[in-house]
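With the model open in your viewer, please follow this short tour of charged side chains, selecting the residues in the order given.

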Amino acid sequence: MSRRLILKATALGAFTLAASSWLPPAFAADTIKVGILHSLSGTMAISETSLKDVALMAIEEINANGGVMGKKLEPVVVDPASNWPLFAERARQLISQDKVSVVFGCWTSVSRKSVLPVFKELNSLLFYPVQYEGEELEKNVFYTGAAPNQQAIPAVEYLMSKEGGEAKRFVLLGTDYVYPRTTNKILRAFLHSKGVKDSDIDEVYTPFGHSDYQTIVANIKRFSAGGKTAVISTINGDSNVPFYKELGNAGLKATDVPVVAFSVGEEELRGVDTKPLVGHLAAWNYFQSVKNPVNADFIKKWKAYAVAKKLPNASTVVTNDPMEATYVGIHMWKQAVEKAKSTDTDKVIAAMAGQTFKAPSGYTLKMDETNHHLHKPVMIGEIRANGQFNVVWKTKEPIRAQPWSPYIKGNEGKQKM
């Protein structure tokens, strides 16, 4: 080949490469890549693995129905291994290297805080599916879990009511990181507004992966001698198993000191003998036990998927709140992309405003037009012997999120993007 032809071929190749790199990542191939960023190992795997699996189920379901704008979704799964700095590294890999158009992921707030700078810098989208402490509002994040006024505050109001046992004293027990500490800061301010004194509030934290709750449970028992007491648990991950086991060992029943958990659902209870825990509570926006046709279909699809994919313990799989939030988020993103006719971040953000989806909770959820949070119902469930929850209280309608708590000074006027 002559030097002229070589130069011509080289120039053509360079033009082709430049042209292909100009195309938006989702349209440079026949698929749209989506990232899944969940801990599949380490202390949070007990909670996050099922979110990865339900995301894959939703993607498979969307692909079977024609994909998004005629393109199949291609999932890219990474494991940040319950390692918070690694979440940021894996997020950067998904966006910059794998060229995903959106990421569904994170559970703990420390993992979300770790990845936020990456999503802002690279102007990509994160859908975050877990209840959290609020005090945040980011352009590059859609929050499909609950803000404090959609979980924590209603749960404590319930415990203080006649129906919930008229608790006067509160143990705020959590894992030592941003979500429990910020949530408890809000709850302490809320309790003060209701006339509860600091002497009637005990605040205790344990590290991730903590397993020895004997002393803590004994202290709860002693504290409860001072009046009607409830425990607000923001323990995360596999530490819930030894905590609930110790409650059972100590004979601390729900009729004595009810525990309401914000991070324990059906999945976490699969590893626990629930008989001693009957009557203890959890506050969420969805429970597997709610009865309606959409939920029946969701559960049926999930059980069939688990068997087909040979997931561990496929015969006993359960659904839970963050799984529903993941499923809703993926379908809402699909709707927004089709409305925007693009996977461009800014166009999808604009198209997400006001999106609605008929959720397994039995409610039609709406993405708020101004604050990137879903309007969600609030439910309080009582643990049953079979590891499911009996819903003892719920709101009539979905509640609009307040990302910035009104109980924290300086938050006035911060509710919009």
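Select Asp200 to begin, in what is a predicted model; at 23% relative accessibility this residue counts as partly exposed, because the partly exposed class lies between the limits of 20% and 50%. Add Arg169 to the selection, and you will find a salt bridge to Asp200 whose closest N and O atoms are 2.8 Å apart. The two partners come from distant parts of the chain, 31 residues apart, with Asp200 in the loop between α6 (178–193) and β7 (201–206) and Arg169 in strand β6 (residues 169–175). Arg169, unlike its partly exposed partner, is buried, with a relative accessible area of 12%.

Next, select Arg112 and Glu133, whose side chains meet in a salt bridge with an N to O distance of 3.0 Å. Since Arg112 belongs to helix α4 (residues 109–122) and Glu133 to the loop between β4 (126–128) and β5 (141–143), the pair ties together parts that are 21 residues apart in sequence. Both Arg112 and Glu133 are buried. Extend the selection to Lys113 and Glu136, and the view then holds a network of salt bridges that links these residues with Arg112 and Glu133.

Finally, move to helix α11 (residues 321–340), where Lys334 and Glu338 lie 4 residues apart, about one turn of the helix. Their salt bridge brings the closest N and O atoms to 3.0 Å. Which of the classes, buried or exposed, applies to Lys334? With a relative accessible area of 18%, Lys334 is buried, whereas Glu338, at 31%, counts as partly exposed. For the whole model, the count comes to 18 salt bridges.

Methods
Residues numbered from 1 in each chain as written. Predicted model: local features only at pLDDT ≥ 70, side-chain atom pairs only at ≥ 80, totals over all residues. Heavy atoms only, no water. Salt bridge = Lys/Arg side-chain N within 4 Å of Asp/Glu carboxyl O. Helix = DSSP H or I, 4+ residues; strand = E, 2+ residues; numbered from the N terminus. Buried < 20%, exposed > 50% of the residue type's maximum accessible area, 1.4 Å probe, protein only.
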